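Please look over the sequence and the coordinates below before reading on. The paragraphs that follow go from the overall fold to the interior, and then to the surface and the loops.

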Amino acid sequence: MARSHCLKREVFFVFTVSLAWFLWHMAPSLTVGDAGEFIAASSILGVAHSPGYPLPLLLGKLALTLFPGSPAYRINFLSALAGAGCFVLCWLIWRRNLRLPAWAAYPAMALLMLEPHFLTVNTET
């Protein structure tokens, strides 16, 4: 019971730290590439381009209705939330399945958080 409670606190800590990190680096408006197309397709539930990306567009529509701010900010916030969720899943894999101790998992999390491509993917549309 105590181990489970400790792991829940660790997961909460990992989620809040990673979300704060991604929000700090998040793009406040449109970014290059297909960002505008995905935001527009999310707002009308249209097809962005082949293959259409139905799940991200549905989640984008949900983000557009739930979160405050400009449409680009809301979709970018969804990307930051998804990145924080990814960190939680990585943390659970490291701690539960690989049995990595916390003293080794925290530096691994920090290294993953500082990786440039991972940061870019999770902070823009």
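What percentage of the contacts in the chain with a separation of 6 or more is accounted for by residues 24 or more positions apart? In this model, which is predicted rather than determined by experiment, such residues account for 62% of those contacts. The chain that makes these contacts contains six helices and zero strands, so that, read from the N terminus on, its elements run α-α-α-α-α-α. Along its principal axes, the C-alpha trace spans about 45 × 30 × 30 Å. Of the 125 residues in the chain, 35% are buried, while the accessible surface comes to about 7,600 Å², with carbon and sulfur atoms holding 73% of that area.

The interior is a natural place to continue. In soluble globular proteins, nonpolar side chains tend to be buried together. Here the largest nonpolar core has 18 residues, and the ones with the most contacts inside it are V14, F22, A80, F87, W91, W94 and M109. Two or more residues of this core are given by each of helix 1 (2-25), helix 4 (71-97), helix 5 (102-114) and helix 6 (116-121). The largest share, seven residues, comes from helix 4.

One of the core residues with the most contacts, W91, can serve as a point from which to look at its surroundings. When its neighbours within four places in sequence are left aside, W91 is in contact with L7, E10, V11, V14, A105, Y106 and M109. Two of these partners, V14 and M109, are themselves listed among the core residues with the most contacts.

The contact list of W91 also includes E10, and this residue leads to a charged pair. How many salt bridges does the structure hold? The structure holds one, in which the side chains of R95 and E10 meet with a nitrogen-to-oxygen distance of 2.9 Å. Because R95 lies in helix 4 and E10 in helix 1, the pair ties together parts that are 85 residues apart in sequence. Both partners fall under the 20% limit that defines a buried residue: R95 counts as buried because its relative accessibility is 12%, and E10 counts as buried because its value is 8%.

Helix 1 also carries S18, a polar residue for which the same question of exposure can be asked. Is S18 buried or exposed? S18 counts as buried, because its relative accessibility is 0%. A polar atom of the S18 side chain lies 3.1 Å from the backbone oxygen of F15, and, not counting residues up to four places away in sequence, S18 touches A84, F87 and M113. Of these, F87 is one of the residues with the most contacts inside the largest nonpolar core.

We can now turn from the interior to the surface. A nonpolar patch is formed there by L55, L59, L62 and L66, which together have about 400 Å² of accessible area. One of its members, L59, has its place in helix 3 (residues 54-66), and L59 counts as partly exposed because its relative accessibility is 38%.

Another leucine, L30, is found in the loop between helix 1 and helix 2 (35-44). L30 counts as exposed because its relative accessibility, at 54%, is over the 50% limit. Even so, L30 has partners elsewhere in the chain: leaving out residues up to four places away in sequence, L30 touches A35, G36, I39 and A72. The C-alpha atoms of L30 and A72 are separated by 5.6 Å, although the two residues are 42 residues apart along the chain.

Two further loop residues deserve a look at their backbone angles. Most residues other than glycine have a negative phi. L45, in the loop between helix 2 and helix 3, has a positive phi near 55°, and L45 counts as partly exposed because its relative accessibility is 46%. In the loop between helix 4 and helix 5 lies R99, which has a positive phi of about 55° although it is not a glycine. R99 is exposed, with a relative accessible area of 62%.

Key
Residues numbered from 1 in each chain as written. Predicted model: local features only at pLDDT ≥ 70, side-chain atom pairs only at ≥ 80, totals over all residues. Heavy atoms only, no water. Core = buried A, V, L, I, M, F, W, Y, C linked by side-chain atoms within 4.5 Å. Buried < 20%, exposed > 50% of the residue type's maximum accessible area, 1.4 Å probe, protein only. Helix = DSSP H or I, 4+ residues; strand = E, 2+ residues; numbered from the N terminus. Contact = heavy atoms within 4.5 Å. Patch = residues over 30% accessible without salt bridge, like charges linked within 9 Å, V, L, I, M, F, W, Y side chains within 5 Å. Areas by Shrake-Rupley, 256 points an atom, 1.4 Å probe, with all protein chains shown as cover. Salt bridge = Lys/Arg side-chain N within 4 Å of Asp/Glu carboxyl O. Polar contact = N/O pair within 3.5 Å; in protein donor to acceptor, adjacent residues only side chain to side chain.
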